[in-house]
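Trainee: I am new to this structure and would like to know what lies behind the labels. Could we go through a few together?

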Amino acid sequence: MAEELVGTGGAASDPDGPDGVRMSWNNWPRSKVEASKCVIPVAASIAPIRTSPSILVLPYQPLRCKPPCSAVLNPFARVDFAAKIWICPLCFSRNHFPPHYAGISEANVPGELYPQCTTIEYAPPPLDHHSAQSSAPPPPPVFLFVIDTCLIEEELGFLKSAMRRAIGLLPDNALVGLVTFGTQVHLYELGFADVSKIYVFRGIKEISKDHILDQLGLSASSVRHGAAVGMPGYPKAPLTNGFHPSGSIHRFLLPAADCEYALSSLLDELQTDQWPVEAGSRALRCTGIALSVAAGLLGACVPGTGARIIALVGGPCTQGPGMIVSKDLSEPVRSHKDLDKDAAPHFHKAVKFYENLAKQLVSQGHVLDLFASALDQVGVAEMKVSVERTGGLVVLAESFGHPVFKDSFKRIFENGEQSLGLSFNGTLDINCSKDIRIEGIIGPCTSLEKKGTLCADIVIGQGNTTSWKMCGLDRTTFLTVFFEIVPSERSNQSGIPNPQLYIQFLTNYQGPEGQMRLRVTTITRRWVDGSNAEELIEGFDQETAAVVLARYVSLKMEMEEEFDATRWLDRSLIRLCSRFGDYRKDDPASFTLNSNFSILPQFMFNLRRSQFVQVFNNSPDETAYFRMLLNRESITNSVVMIQPSLLSYSFNSPPVPALLDVASISSDRILLLDAYFSVVIFHGMTIAQWRNMGYQNQPEHQAFAQLLQAPQDDAQVIIRDRFPVPRLVICDQHGSQARFLLAKLNPSATYNSAHEVVPGSDVIFTDDVSLQVFCEHLRRLVVQS
Amino acid sequence: MASSSPPFASGPPRPRPGFAPSANANVAGAPQISQIGRPVPSSAAPSAPLQPSPFSAPLPASSRPGHPQFASRPPAAAFPQGLVASNGPQGLAAPRIPPPTHAQPTPPVGAPASIRAPSPSAASSQAQAVRPFPGSPPAAAASRPFTSPPSSQQFGRPPISHPLSGSPTSQPPFGGPPTLQPPFAGSHPALAGLPTTQLPFNRPPTSQQFGGPPTQQTFTRPPVSQPYMGSQPYAGRPSPPSYVGPPSSQPFPGPPTMGAPSGTPAPAWPSQPRQVLPSMPGNMQAPPRMFGMPPGTPGHTMPPVPPAMGNSPLAGSQISTPSKIDPNQIPRPLPSSSVTLFETRQGNQANVPPPATSNFVVKDNGNCSPRLMRCTMNQIPCTGDLLSTSSMPLALMVQPLALPHPSEEPIQIVDFGESGPIRCSRCKGYINPFMKFIDHGRRFICNLCGFTNDTPRDYYCNLGPDGRRRDADERPELCRGTVEFVATREYMVRDPMPAVFFFLIDVSMNAVQTGATAAACSAISQSLADLPDGPRTMVGIATFDCTIHFYNLGRASQQPLMLIVPDVHDVYTPLHTDIIVQLAECRQSLEQLLENIPNIFENNKVAESAFGAAIKAGFLALKPTGGKLLVFQSVLPSVGIGSLSSREAEGRTNVSSGDKEAHKLLQPADKTLKAMAGEFAEYQVCVDMFITTQSYVDIASISVVPGTTGGQVYYYYPFSALSDPGKLYNDLRWNISRPQGFEAVMRVRCSQGLQVQEYSGNFCKRIPTDIDLPGIDCDKTIMVTFKHDDKFQENSECGIQCALLYTTVYGQRRIRVINLSLPCTSMLSNLFRSADLDTQFACFLKQAASMIPVSSLSQVREHITNLCINILHAYRKYCATVSSSGQLILPEALKLLPLYTLALAKSIGLRNDGRLDDRSYWVSLVTSLPISLAIPLVYPRMIPIHNLTAKEDDESLLPASIPLSSEHISDDGIYLLENGEDGLIYIGNMANPEMLQQIFGVPSVDGLPSQLVLEQFDNDVSKKLNDIVNEIRKQRCSYLRLRLCRKGDPSGMHFMSYMVEDKTPGGLSYVEFLVHVHRQIQTKMA
């Protein structure tokens, strides 16, 4: 715990380093056998476009190694300045510098060869055949709002005000579109001047993209008929060389500056869905069709340019494709139990539908963001695939009036410091030294199925490729790449094995301002002889390892039936400790772990208890939500999800980290728990009493006021930087909301041990084992022969 | 749905969707018995003449009187004189002397407010008697007794002598002197005394023999003043000017002696019992006439035209004398613009109704008004054999909500309270005047099934000495042929539906660019004022191109909200509420929207039309309530459900490969629309289509929808943004404001012996006995055919009862019960005598229309010609006295049948050169066409308008019409021809420029577009012409698409194609046709 805090707050204010790459193992075993003995997969957490002020941006095209390697020139290349030759560190090919590099010399090296520039960005001028138009502005961002209207008035009111605020924040050039849905889907033709024009689609019938386009007059055939270009009623759109979609763009997607008024008035008039809801029934809601329509529209209007579908959903889809539950209220929304027993009749069909939607979106390069706000489930579990594959954002809240939604929603549109740096159309290519294969990626991306020699046979997550699509990505998007070590015969035999391995990550993306960039990150790590545990231990990153395990186990839980995650984790931990711990056989007391491993058991203990593994306390929607965020967050934040951090505030001392243990509760302390999804400020009983009596308002108790305020301020710091905005819970000891804290604490004191409890402390009513018990068992099992 | 349950089935009456039986809320303060049938209270009538005429303003925008324009039509206002009372007796007592020779039919003065329904008093005999032909003696045919049946000779020409025939026509006016009768009467009773029109072909008749006027007639009037000509029909048929003959030259007793050769069987009236009843005009027979003889009057200047029969096969059969038919002497409709009074029954006998096209006022005293229901024959054959011998059809034309004449007593409403109307417990027939009460009134015998019912206690009443209930005259249901019962809960499966009008407008590129969209929006906008008032009136609107655009009318905000349904293969409604809202709540936003729609779609480049999907969407919106769907469509449906291909082009290419399957293009392309229409009908959605197009839209396919749902097709081709908006507006306005009903079910019952064979018209039929009419209005006619399943007793009566259960626009559920009781006869001659030409012809017309999609045109033409021939043959064979085979003998009542048959064969529907859509439209139009419009459709009215100034006598508004023959068209003339749909103004190439200047405002019409907007200029001629056009519009309930036809260009050819009496490349002239018919009969006889 302490180490972690030091890690984040201290020297490495940037724990991910300049490259944004963290690996479970920084020294790689050279053989497959050794790798398997390492238990923890060899994996890297990468942040493809993490912002960093030090990054150099080069205004020209990168220099690439000859195919099939095609790696980009990087500081690890060996350069023969005299011969004007560079040797690719990945494939060892010799490449001549092109003529325009003629001036290169030891004293005059281009930016990409600076040793500190292992991560660098290229912003080449657009390849433009029409040089006259080379100054064409970058494409504007596109936001297509998809709004649920099967809401109660109050919720719709919240939603409208959130929308109004969002519209106010949109950049003027951003293209905006609007779709609402309930029993039917309404697509607003914002560019139609004379009347409010709405295309209505029925919610029960699945329609193909082509059909949608046909019906909107956007398909090739209808364009030929002049439907799109000459549609009446909207101002003459500038036609660019008769370029097909340009006409249609301006029917449904308008610059925010032009349609702000129209949008506001539409919002003003927006009513809850008018179709009647029968007694004993859910509202008929066709989320699936609405998203289909939105995707189809974007596909026709702005294919290949960055665009987001922002879906605001207030309930489950009850009709049409993507339906998760029937309208009959007597049928409850599926639970984990139903899913396990395969008793969720709509689940697989819906997932299939959203998979296809994801495919469509990926091929168009568009993002689906999901803002689900409802007390019941809305189908995040089913829609997860669409969101995750497209790199969309997801926020789950109880209400459109809740700050979790309101503030998160606002963040999307904010610029400046708070900006998420939302980027589009990312493509990640990974290149690496021989003997390394890529198993796949867990995270918000889609395999482009670009197979090659670098692909491993085993597939984890999005695999079978060396190229991935990230329709949406931002500076906090992280991916986990899994590697396989496949030493070739030759490298084993070669007398002088190359001690370093190299991996290059190439990310093409369209930045928030629409500019196209290529980011190149080249990293190197050391091969070690697997038999030498010392070297391996030295290169072990237990935080990354814990997160990788958490992601890996989550994936397995989703993919494999009857998978016993707890057992699998236990066995992995035991194997790991057996391999890397120091102990005498059959002597639990002799067991010690290197500091690089020391808190891993605790991570495992908390992971076993976390929402990722213990899903039965959560709805499938929540689980899906948690896992999506786990998969896309940084190692640091992911660790907090697994093992929350706890700060203790008391008089006469600065805030100190506290053990994540029930023992940390004290009546005269304030605890600040950061569990990532929620931030809990917990007032000890005495503090709460004082506060209730209003001491903080009395001048003589300034200190108390400060004490009360400090955790609030710190919580705000946490909340400000985080997306989605965590739920802030302020509670008092013994209050009902205190459960948010208690659930996360190590139950070192339970009702079984109540008699030992110190006054002012607390107990947790659980039968779960405590960390101490867990560690004892671990020791015992590890040392067993 | 309601429709699934047969409300009139013999089971207990099943409720229909309808309204609560509560009081008669509709007619203000109406007690138990109130009036209906008149859209405007009679008090409005006097004011009507002051109102702008509904049609007077070509541009709807300019004419928006406070009253619905059409509504002002029925009230008579037109004829302020109110001459009924005085005129009738006058006519009876002393036939008026027609005005001197030059007198034209004098249009009634200031008759603008009355459309179609002639005023009761109208015009009087004076106008009718007019002989336009110069030189005709004034005395001619002046007498036009109101009570006399219309069957009389229409030619107005006094027969001079009867050549060979000696046919029954020679009938002593006073009942037939026994001396003439006896020899033959006994032997050929069936043949005797039939009114007959004979056309001698073999020699020029020297004299015309006329049959004696009907005996009754002769009893009622002084013989001197009542020439046989007095039987001249009062039908509003134009009289050819050249037929005038002086009746005075024709002594009554003369004809028999002159014309009837002793060798021929003497015409003897069959001694019918009712013959002695003086008050039975219904039995009056028209005097038989001979035709073809040169007029004996010195004033007759027209020389006999040599018959165009030189090469006729008939010539071969002529023995001695060269055949000569004077084209001026062959039967043609006669004009009549005066009003007659028609009592449906007299002396407990059914009267024969006047021609449907004539101007009459009905007094319902037991039988229904013939407007509502009339039969092809006014006596029912006792056996099926007799019927088939006659070759005539036995069918009923029912126009259940037909507009009454303004002078008629309104239909009375009877409320039986909660128990509902009295019905026969076996056949469920409704109480009517022909149910016979027996046993001191304790029981009654159903006239339909013969079952003896107990009289409900509440309904008991003593019988009087005459065997009638003492209260019969106080109870409308016991003394009136037509009454309306207030329906009880039993007749409803739901509350009566509100009046819902859903407008659907084509906004595809073509529609917008041709101005059709703007015209539709403007028409709707102006028509909103004519929708029924009140909270039960709801409206909705949608537009469509390749998608469907709904509009949220329920929003308070100013900007309309357009909701687009893009899935045209599987449509749905985009809102649950607010698509259809109360008119009162959304009038403003709707008007604004209608104003905006043309602008919104101004630049629409979508050429596709999802018509099928659009009507489906409209239907879905209407599904909860039912209602009227008014569709404005401009192009061929090309996408979505029910889309169609341009079969016309396909048809053209197929022509080269043989025309055998051409008629298939007149069938619906597929079953999609039919199936949709069935569903619409089930949910009480009635579809009307206004087709404003420039191209082929496959009416054959899309007319299925209106045809099944009780709607109607309006066709504007080629649509002109200049001239058609006026018609569009007036059509729409009449469509929504005319008397009409919703969610109706109709059933016809008849006495045992007959059974209903088939219904035809615009409806949906789910069970054999009933027809479902999601919408029914005053213009819709349903044909019902009968067949015998048993024999009738001679002298018994056959009852026919039509019951229409419907919901009024004000949400009341009613049962309109229409009764007709006709005598049964076993005499073929009676059948012919009582034949109803108009009804029979309408029946043929509808038969032909139904055949067009399934047979080749030549087959259809042959079929109708054969129908005509078979009837004439039957008459010739069984009824006419044996005479020279060279004579064509026509039954008097049916003497115009050959002319109409010829005209039908040359009509748009049966012409070879017509466009597919024109033909399909014609078929769809005919299917529901009322009798009164059927005849003008095939035999239009043509009037010269170049000599309007010559008229000073203003009594009759319309000049006399002239025969449809190019002989009557001169190069310096200007003519107006109208068939109820189109109005063609033909301008000869030597027309007087001054006249053109006066009419059109330009000295030459070369620059004028052929689609004409008739302006009114400040001169008498123009005013008069406008008055005439407006009068026609009123009569036809149709605005007429006016077109300019110039001699020498295609429009002139088009005009000439209406000259049905002319010889055409594909058709015979009238004379040739008569020869053809005659030859066929002769062949059959031999």
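Trainee: How many salt bridges does the structure hold over all chains?

Mentor: This is a predicted model, and it holds 67 salt bridges over all chains.

Trainee: What makes A:R691 and A:D732 a salt bridge?

Mentor: Their closest N and O atoms are 2.7 Å apart, and the cut-off is 4 Å, so the pair counts as a salt bridge. This pair links distant parts of the chain, 41 residues apart: A:R691 is in helix α20 and A:D732 is in strand β30 of chain A.

Trainee: B:R766 forms a salt bridge with B:D772. Why is B:D772 called buried?

Mentor: B:D772 has a relative accessible area of 3%, and buried means under 20%, so the label fits. Its partner B:R766 has 32% and is therefore partly exposed, since that class lies between 20% and 50%.

Trainee: And why is B:D473 called exposed?

Mentor: Its relative accessible area is 54%, and exposed means over 50%. B:D473 forms a salt bridge with B:R468, with the closest N and O atoms 3.2 Å apart.

Trainee: How do you know that B:N735 is buried?

Mentor: Its relative accessibility is 0%, so B:N735 counts as buried, the cut-off being under 20%. B:N735 is found in helix α18 of chain B.

Trainee: What makes the pairing of the side chains of B:N735 and B:D688 a polar contact?

Mentor: The two side chains are paired at 3.1 Å, and a polar contact needs N or O atoms within 3.5 Å. B:N735 also touches other residues, including B:F690 and B:Y714.

Notes. Residues numbered from 1 in each chain as written. Chains lettered and ligands numbered in written order. Predicted model: local features only at pLDDT ≥ 70, side-chain atom pairs only at ≥ 80, totals over all residues. Heavy atoms only, no water. Helix = DSSP H or I, 4+ residues; strand = E, 2+ residues; numbered from the N terminus. Buried < 20%, exposed > 50% of the residue type's maximum accessible area, 1.4 Å probe, protein only. Polar contact = N/O pair within 3.5 Å; in protein donor to acceptor, adjacent residues only side chain to side chain. Contact = heavy atoms within 4.5 Å. Salt bridge = Lys/Arg side-chain N within 4 Å of Asp/Glu carboxyl O. Lists of a residue's contacts leave out its neighbours within four places in sequence.
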